[in-house]
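I opened this notebook page to look up charged pairs, burial and surface patches, and I put the structure here before going through the entries.

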Amino acid sequence: MNKQVASLMNEQINKELYSAYLYLDIANYYADVGLNGFENWFFVQAQEERDHAMLFRTYLLNNDEKITLTAVAEPGQVYADYLAPLKLTLAHEQTVTASINNIYSVAAEAKDFRAMQFLDWFVKEQGEEEKNATDLIRKFELFGGDAKGLYLLDQELGARVYAAPSLVL
Ligand code: FEO
């Protein structure tokens, strides 16, 4: 496969693992303040991010590429209030989308059609990730300011269950 695409996908493994680490940090924050539904939502999100990293790993291995694992940065976040992690999530997903789009454009330029086909799933997934983050912010802004509303929203987020990715390699 195209070496630049392979190298960017290798970097993307780290970025997805960082996403998992960040969302685990957010889950820990919500656990600490007693919002266990929010905790659950972000714990599931962290699992999905790990899956994303593993999909890139499998793709590279299937294409006979060597993988170099590098240090995952500390989230190092301080959350000002319950809304702050939700806004951070949207901003973070937008950077991930930009990163996926960049790999896609390099693959397109290199005519690496197999990589483009693989990345199609991630392009769609990023659309969903940004929508989920936007919906969460909206719901929080509508209902989160009231104790009963926050309780019900926490119950709703507590119902999220982990599902393995629909992409199988
Ligand atoms: Fe792996 Fe949230 O994108």
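**Salt bridges, burial and a patch**

I looked up Glu65 and found that Glu65 is buried, its relative accessible area being 12%, where buried means under 20%, exposed over 50% and partly exposed in between (1.4 Å probe, protein chains only). I note that this is a predicted model, in which local features need pLDDT of at least 70 and side-chain atom pairs count only at pLDDT 80 or more, while totals for chains, interfaces and linings use all residues. Residues are numbered from 1 along each chain as its sequence is written, and side-chain values use heavy atoms, with hydrogens and water left out.

I then searched the whole structure for salt bridges (a side-chain nitrogen of Lys or Arg within 4 Å of a carboxyl oxygen of Asp or Glu) and got 5. One of them joins Glu65 to Lys3, with the closest N and O atoms 2.7 Å apart. This pair links distant parts of the chain, as Glu65 sits in the loop between helix 2 (36-62) and helix 3 (84-109) and Lys3 in helix 1, 62 residues apart; helices are DSSP runs (H or I, at least four residues), numbered from the N terminus. Lys3 counts as exposed, at 58% relative accessibility.

I next checked Glu16, also in helix 1, which is buried yet has no salt bridge, the nearest side chain of opposite charge being Lys15 at 8.9 Å (Lys and Arg count as positive, Asp and Glu as negative; His and the chain ends are not counted).

Finally, I looked at Tyr21 in helix 1 (residues 3-33), and noted that Tyr21 is partly exposed, with a relative accessible area of 43%.

Conventions: Helices (H or I, at least four residues) and strands (E, at least two) are DSSP runs, numbered from the N terminus.
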